[in-house]
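Here are my notes on the model you sent over, as numbered points. Have the viewer open while you read.

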Amino acid sequence: MSKNNQNKTGYNFFNSNIEKNFNKAAQFISIDNGLLDQIKTCNAVYKIHFPVKIEKKIKIIEAYRVQHSHHKLPCKGGIRYSSKVNQNEIMELAALMTYKCAIMDVPFGGAKGGIKIDPQSMSKDNIEKITRRYTYELIKKNFIGPGIDVPAPDYGTGEKEMSWILDTFTSLRPGDIDALACVTGKPISQGGVRGRKEATGLGVFYGIKELCSLEEEMSSIGLDVGIEGKKIIIQGLGNVGYHTANFFYNSDATIIALAEREGAIYNKNGLNVYNVISHLKDTGSILNFPGATNIEKTEKALEIECDILIPAALENVIHKNNAHKINAKIIGEAANGPITSEADSILEKKGIIVIPDIYLNAGGVTVSYFEWLKNLSHVRYGRVEKKFSENMNGELLHMVETVCKKKISKNEKKIILRGANEIDLVRSGLEDTMISGFHKIRDLKKSLNIENFRTTSFLLAINKIIDSYEKLGIFP
């Protein structure tokens with residue numbers, strides 16, 4: 001394990017897009033450079049190699065867990081499974097998590113994990129072996145625990161991997177009453193929270209919806225207020241892109257194009273998202289969807305004229321070679337790092353509003369925070385107060401009917417009397433957090449006359465972390 005030792009590893013974290021954006025924001029801050037260096041430095045980098053027996057052969061697995069910041073504990077961040085995983089990528093993503101948590105007022109330091117495997121080419125049993133051994137390695141070095149470091153799903157992982165992590169942790173830490181909180185993104189039956197799976201996509205929807213509700217912002221790019229009728233293109237139909245598409249479609253936006261790895265489909269009058277997903281499940285591809293035009297190269301879909309472009313798949317899909325061809329009024333970064341720093345400058349000159357990933361896709365960690373709190377409190381959201389709320393609403397309704405001498409219909413009464421379930425409370429908390437975060441960024445942007453939302457978002461995050469260090473002091 002190495003701490004604060006990036007140069008010796010052969011990786012240069014400080015050449016990343018995150019570093020460039022950090023430095024742009026730091027220009028607005030008058031503070032000791034040593035503290036700024038501490039904020040952007042990864043506090044702990046754990047590189048692991050461990051053996052796993054696969055098909056009667058021993059395979060050495062390369063894996064990582066990076067804790068970027070300890071200004072708040074526990075650390076928080078997903079674990080990704082990909083053959084492209086490397087130390088620099090995990091360090092960058094851990095840093096991004098720190099800034100996301102700060103913006104959203106989620107009391108975690110940023111972290112990230114990764115295992116260098118291709119889960120598509122491995123059996124479920126072998127993935128389980130690797131997951132459990134990785135968890136054991138984290139436990140050995142105290143890199144996992146409810147108050148230390150709390151993983152979550154990321155690219156290539158999901159509920160089943162989180163269940164294996166939980167089971168391994170509880171097996172090796174019997175009697176830990178808060179063990180459920182060692183990992184989030186779990187199935188509901190294993191302490192998960194309702195609404196976690198769609199949280200990132202829903203957060204993307206809430207963030208863009210809030211921008212579109214502001215007349216000042218919309219008039220500056222020649223659009224009407226509201227989501228209804230907006231022409232939208234979404235790249236990527238994984239968990240985030242799928243749920244983002246659903247929420248926009250259900251709010252009467254017009255999804256004119258959807259893009260996946262094999263290509264894209266386009267219909268200027270709009271695509272029925274539910275029918276596209278059914279077609280994808282039946283055929284294994286979105287291509288040849290009835291009534292839509294195929295686009296052979298998926299990146300060409302990014303260049304179609306639209307109101308809102310949402311890259312929800314890979315990083316660096318908008319770069320210096322194609323940024324000038326982008327014909328959107330708004331870009332919402334549902335993916336991590338879909339726009340390079342060079343492309344950012346081009347888009348800004350074109351007058352395109354970019355809602356950055358550091359804010360927009362933070363819905364996942366926000367609802368992970370709700371799951372962590374649920375696990376620590378040992379009670380489901382809504383369980384204690386739901387019936388009390390229904391009874392109180394019933395009393396108030398009875399008083400209204402008595403005073404007005406008018407009976408309310410059964411359907412109306414059913415709506416009024418219903419107490420909040422867990423998913424209602426989770427979505428309400430997520431919506432409030434996304435709206436609050438957006439206006440903190442916007443207010444800061446206006447007060448300092450900063451050109452874009454990305455620099456402002458980084459500045460807001462850095463200021464919050466500085467405040468933590470200044471209040472806590474530096475030990476010893």
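1. Which strand holds alanine 63? It's strand β2, which covers residues 57-67. Keep in mind throughout that this is a predicted model. Alanine 63 has a relative accessible area of 0%, so it is buried, the cut-off for that being under 20%. Leaving out neighbours within four places in sequence, its contacts are Tyr46, Lys47, Ile48, Phe50, Gly114, Ile115 and Tyr134. If you want a distance to check, try alanine 63 to phenylalanine 458: the two sit 395 residues apart in sequence, and their C-alpha atoms are 29 Å apart in space.

2. Now for the overall picture. The protein has 17 helices and 12 strands. Its radius of gyration is 23 Å, close to the 23 Å that the globule rule gives for 476 residues, so the protein is as compact as a globular protein of that length. Along the principal axes, the C-alpha atoms fill a box of roughly 75 × 55 × 55 Å.

3. What about burial and contacts? Of the 476 residues, 54% are buried. Among contacts with a separation of 6 or more, 68% are between residues 24 or more positions apart.

4. On to the surface and the charges. The accessible surface is about 22,000 Å², and carbon and sulfur atoms account for 50% of that. I'd also note 63 positive and 55 negative side chains, with the centres of the two sets 4 Å apart.

5. Helix α13 deserves a look of its own. It runs over residues 363-377, 15 residues in total, and spans 21 Å from its first C-alpha to its last, close to the 21 Å expected at 1.5 Å a residue. How many of the residues of α13 are buried? The count is 12 of the 15, so the helix is largely enclosed by the rest of the structure. The buried set includes Gly363 and Gly364 at the start, aromatic residues Tyr369, Phe370 and Trp372, and also Glu371 and Lys374.

6. And what covers those buried residues of α13? The cover includes strands β3 (75-81) and β5 (149-153), together with helices α4 (87-103), α7 (199-212), α12 (357-360) and α16 (422-448). Right after α13 comes histidine 378, which has a positive phi, near 60 degrees.

7. Some backbone details to click on. Leucine 73 and proline 74 are joined by a cis peptide bond, with omega about 5 degrees. Proline 74 belongs to the loop between β2 and β3.

8. Two asparagines have positive phi values as well. Asparagine 142 has phi near 60 degrees and lies in the loop between α5 (124-140) and β5. Its relative accessibility is 41%, so it counts as partly exposed. Asparagine 316 also has phi near 60 degrees, and its loop runs between β10 (308-311) and β11 (330-332). With 38% relative accessibility, asparagine 316 is partly exposed too.

9. One more asparagine, this time in a helix: is asparagine 246 buried or exposed? At 9% relative accessibility it counts as buried. Asparagine 246 sits in helix α9, residues 239-250. Setting aside neighbours within four places in sequence, it touches Val273 and Tyr274.

Note on methods: Residues numbered from 1 in each chain as written. Predicted model: local features only at pLDDT ≥ 70, side-chain atom pairs only at ≥ 80, totals over all residues. Heavy atoms only, no water. Helix = DSSP H or I, 4+ residues; strand = E, 2+ residues; numbered from the N terminus. Rg over C-alpha atoms; globule rule 2.2 N^0.38 Å. Buried < 20%, exposed > 50% of the residue type's maximum accessible area, 1.4 Å probe, protein only. Contact = heavy atoms within 4.5 Å. Areas by Shrake-Rupley, 256 points an atom, 1.4 Å probe, with all protein chains shown as cover. Lys, Arg positive; Asp, Glu negative; His and termini not counted. Charge placed at Lys NZ, Arg CZ, Asp CG, Glu CD. Expected span 1.5 Å × (residues − 1).
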